[in-house]
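Let's take a tour of a protein model and look at its empty spaces, its rings and one of its strands. Keep the 3D view open as you read.

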Amino acid sequence: MASLVLPAAVLARARQQAEAFEALTGTAVDAEEVIAGRAGLLDIAPQGQISAGGATRLLPSRDGWCALTLSRADDIDAIPALLQTDGVGPDPWPAVQRWVAANDSADVTERARLLGLPVAALGETPAEPPRVFPFGAATAARNPAGLLVADLSAMWAGPLCGQLMVRAGATVVKVETSTRPDGARSGPPAFFDWMNTGKLSYVADFDEPSGLRALLAAADVVIESSRPSALTRRGLGPTDIEPRDGRVWLRVTGHGTAGDRANWVAFGDDAAVSGGLVCGTDDAPTFCGDAIADPLTGLHAAVAVVQSLHRGGGELIEMSMAAVAATYAERPCADEIRCHAMPSPSAPASALGADNAVVERLIAEKRYVSC
């Protein structure tokens, strides 16, 4: 089984977050499993400057280091435009590496972001705590148990937060569309099940979103990880939904919501590099863990949601994966340890849309109780 080399201080701080979650909810969380569980399930580990999943590379530029992720077909298709060439052959990485080496990091990231590519310059994002904004009326302090959570997020960070809410006793509804389901569904089933077992699967139509709007109006907690404009332009943003006392709205982003950063695409490995969370040396940085910004953000997000519920809710919380990673990059990395984690087998997650009828009954019950 693959093992991950992690700075001891990183794991120690993650354990503090897990302990905080347990103190607030009574639900134990194994921080090592959270961070290293996917690597254990899939038997993967980073290979120096190649990420554990293989889609992200650390590349030297003229004045520093960059990380670029090519995990989607659209990313590969954008490489000729990035390099301003007609084609790059079946393996784009040698040509990409030569191009990055001939340019400054700022030029690399600017051009890649114009094309919608997940890219980062090493250490470009400063550490920042979650941003918390007043969002409606507060209510009495609550635990997640018995609450309704609408989970609109995908892949890892947001779904992990939703999974921890499941473990703490909440009813979590995983929201997807039939045309764009969670991309993790097309990956290894063991990972998707680990993140989504115990959630109800609800298929919504974002072009005719009356059912989704009703779910969001009934929800005590909303988790979303799309770009801020994606929901707002459909009338599904935080201020578009009927108010509910004590609601907590969690927004997970790659790089925050300020200015151009709101449109920057990110995955866990490149977001970690953006925050400066790497191993190795200044001259030869290497990847730290497996897409580590994802599980760290998911864990921090779960703690932030529960803390908000204990304050009475009525808050919008914004979590940037790069900023979370940067808070860990500030910690000393001299001592490293090997993490071995194999999550217990998960029951299969619900099939896409299998629980629509159940969710609609829950929405009706919530409305009845609120009347």
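## The second largest pocket

What kinds of residues line the second largest pocket? By class, there are seven nonpolar, eight polar and five charged residues in that lining. Keep in mind that this is a predicted model.

The lining has 20 residues in total, and Glu128, Pro129, Arg131, Ser320 and Ala323 are the ones nearest the pocket's centre. Two elements, strand 13 (315-320) and helix 13 (321-329), give two or more residues each to this lining. The space inside comes to about 310 Å³.

## Closed-off spaces

Now for the cavities. There are three of 30 Å³ or more. The largest cavity has a volume of about 40 Å³, and its lining is made up of eleven nonpolar residues, with no polar and no charged ones. Among them are Leu59, Cys66, Trp99 and Val119. Strand 3 (65-69), helix 5 (93-101) and helix 6 (105-114) are the elements that give two or more residues to the lining of the largest cavity.

The second largest cavity also holds about 40 Å³ of space. Its lining divides into three nonpolar, three polar and three charged residues, including Lys174, Phe192 and Ser350. Helix 8 and strand 8 (200-203) each supply at least two of the lining residues here.

## Rings that meet

A search of the whole structure turns up three aromatic pairs. One of them joins tryptophan 156 and phenylalanine 191 edge-to-face, with 5.3 Å centre to centre and 80 degrees between the planes. Tryptophan 156 sits in the loop between strand 6 (148-151) and helix 7 (157-167), while phenylalanine 191 belongs to helix 8 (residues 189-196), so the pair ties together parts that are 35 residues apart in sequence. Are these two residues buried or exposed? Both tryptophan 156 and phenylalanine 191 are buried.

Add Trp194, and ring pairs link Trp156, Phe191 and Trp194 into a cluster. Phenylalanine 191 has another partner too: the charged end of arginine 38 sits over its ring, 5.7 Å from the centre. Elsewhere, arginine 13 lies over the face of tyrosine 328, at 4.7 Å from the ring centre.

## A look at strand 6

In a regular strand, side chains alternate between the two faces of the sheet. You can follow this in strand 6: Leu148 and Ala150 point one way, Val149 and Asp151 point the other way, and all are buried.

Strand 6 runs parallel to strand 7 (residues 171-176), and four bridges join the two. Within strand 7, lysine 174 is the bridge partner of aspartate 151. You have met Lys174 already, in the lining of the second largest cavity.

Note on methods:
Residues are numbered from 1 along each chain as its sequence is written. This is a predicted model: local features need pLDDT of at least 70, side-chain atom pairs count only at pLDDT 80 or more; totals for chains, interfaces and linings use all residues. Side-chain values use heavy atoms; hydrogens and water are left out. On a 1 Å grid over the protein atoms alone, a cavity is a set of points where a 1.4 Å probe fits but cannot get out, and a pocket is an open set with protein on both sides within 12 Å along at least five of seven lines; lining residues have an atom within 4 Å of a point. Grid points are joined across faces, edges and corners, and a volume is the space filled by probe spheres set on the points. Ala, Val, Leu, Ile, Met, Phe, Trp, Tyr, Cys and Pro count as nonpolar, Asp, Glu, Lys and Arg as charged, and the others, Gly among them, as polar. Rings of Phe, Tyr and Trp (its six-membered ring) pair if their centres lie within 6.5 Å; planes under 30 degrees apart count as stacked, over 60 as edge-to-face and the rest as tilted. Buried means under 20% relative accessible area, exposed over 50%, partly exposed in between (1.4 Å probe, protein chains only). A charge sits over a ring if NZ of Lys or CZ of Arg is within 6 Å of the ring centre and within 35 degrees of the ring normal. Two strands pair if DSSP finds at least two bridges between them.
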